[in-house]
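Biologist: I am new to this one. Could you show me the structure, and then take my questions in turn?

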Amino acid sequence: MSGAEAGTLETSLARALARVGLGAPVGMTRLTGGATMESWRFEASGEHFVLRRAPSAAMMEGRAIGHDIEAAAIRAVHTVGVLAPEIVVELEPDDGLGTGFVMRALPGTPDPRTILADNAGDAEGRELAGQLARELAGIHGVDFNALPEGLPTLDPAEGVAGLRTQFEEAGGDRPVVALALRWLEDNMPAPTDPALIHGDYRLGNVLVAGHELTGVLDWELAHLGDPHEDLAYACMTVWRFARIDRPAAGLASLEDWFAAYEAAGGRPVDPARFHWWLVYRTCWWALGCWRMGRTWREGADRTVERAIISRRTSEQELDLLLLLESEAPQAERERVLPPSSLLPPPTGEATAGELATAISEWLATVKDRMEGHDRFQHAVARNALGIIARDYAAKVDPVDAPLARALLDGTRTLAEPGLLAQLRRSALDKLAVDMPKYPALAVARRQWTGED
């Protein structure tokens, strides 16, 4: 953002802050991360605050709740003792800032890698996981009468139907996602009494100071539903980051996670329901990543980050196979995979992929000139160039509409000889192009091929 743009933001924000008796903002700093919203940290009247906003109406399209309901939900849970931030003021149309609100800043870091490094020991990991589980039990126990009107309810059958619609609209041609959708339909859980669900409860959306949980952020997906959804979402492989050997948020075992939740007053955990929601939210995130490509193409958000997230679908496809492969007969789980479709190294003149690598290497030389959000976007841009380089050096096509349709209809299953091996090979090769550092890739490669 240019100096002029930052000045305009500060001037507009000052109008909002004045409504609650706060002075003009100083030290506006764009926080990194945030795939859908902007977050800015600043100081006003000697205190620290965070502005959370969507600059345009287009960025809010398709969201189940607006910032008004989100802010009301945060206020409600904060009032009853949940570790949510205090809302100071909500943005109004005349502010010219889009939609959003200002929160009082809380101590701690949201950075998953810092949190995991600070709690790397078994005892520390279990303790922090216990705090996360206890807070989640508290969220699920909030009285409905304390919550604002307008929070949607997620019914499992309606949720799966919605995912299937998204899949069809996006082309309906990715077999692993089709496989997951069919499994979800065939294993639908029975109805349960709904509770308040955070909807995005994971490392990255909580604040931790050392070994202490200090805040729960990002309530934009709050709704009513099955508590197992939140329990499972925190345990998705993608949100464990480098600690995928600890299923509970990269911190502890599932046994410790479930026990801490139940000890804090949470409902008894049903492992089968937990597994269903783990598959559901993994499939949900696969389609969410996929949708990012359309968001970029349609111009609602033309950032490099938005485009590159669309390539993370392959992470979730690998995870879905790991979650569902037990449905295949033992002989199919032991079948040798077909050869890789990755191409040998090129010779002669530089290829388009090698030119992308050359640009990425040059960008590395100017990294120290970047700061703040620009430094984050610089890293994203280099990642994008890496994908281009690897994509050029591969022959991987994850699209197979006829197979996807057959899996979705149930006319082909993992009992078919060779099908699981085919899906495994495609998932490995596609992820090696898109996100080769994804920790689960090495795990799957060892498990499926015996290679390191």
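Biologist: Is Arg182 buried, partly exposed or exposed?

Modeller: This is a predicted model, where local features need pLDDT of at least 70, side-chain atom pairs count only at pLDDT 80 or more, and totals for chains, interfaces and linings use all residues. Residues are numbered from 1 along each chain as its sequence is written, and side-chain values use heavy atoms, with hydrogens and water left out. Buried means under 20% relative accessible area, exposed over 50%, and partly exposed in between (1.4 Å probe, protein chains only). Arg182 has 27% relative accessibility, so Arg182 is partly exposed.

Biologist: Which residue meets Arg182 in a salt bridge?

Modeller: A salt bridge is a side-chain nitrogen of Lys or Arg within 4 Å of a carboxyl oxygen of Asp or Glu. The partner sits 4 residues from Arg182 in helix 6 (residues 175-186), about one helical turn away. Helices (H or I, at least four residues) and strands (E, at least two) are DSSP runs, numbered from the N terminus. The N to O distance is 3.2 Å, and the partner is Asp186.

Biologist: How many residues apart in sequence are the parts tied together by Arg311 and Asp391?

Modeller: The side chains of Arg311 and Asp391 meet in a salt bridge, 3.4 Å from N to O. Arg311 lies in the loop between helix 10 (304-309) and helix 11 (313-324), and Asp391 in helix 14 (residues 372-392), so the parts tied together are 80 residues apart.

Biologist: What is the relative accessibility of Asp391?

Modeller: Its partner Arg311 is partly exposed, at 24%. Asp391 also counts as partly exposed, and its value is 35%.

Biologist: Which residue forms a salt bridge with Glu86?

Modeller: The closest N and O atoms are 3.0 Å apart. Glu86 is in the loop between helix 2 (67-79) and strand 4 (87-90), and its partner is in strand 5 (residues 99-104), 18 residues away. That partner is Arg104.

Biologist: How many salt bridges does the structure hold?

Modeller: Side chains of opposite charge can pair when their charged atoms come close. Glu86 with Arg104 is one such salt bridge. The structure holds 29.

Biologist: Which element gives the largest share of the lining of the second largest pocket?

Modeller: A pocket is an open set of points on a 1 Å grid over the protein atoms alone, where a 1.4 Å probe fits, with protein on both sides within 12 Å along at least five of seven lines; lining residues have an atom within 4 Å of a point. Here 22 residues line the second largest pocket. The largest share, 7 residues, comes from helix 9.
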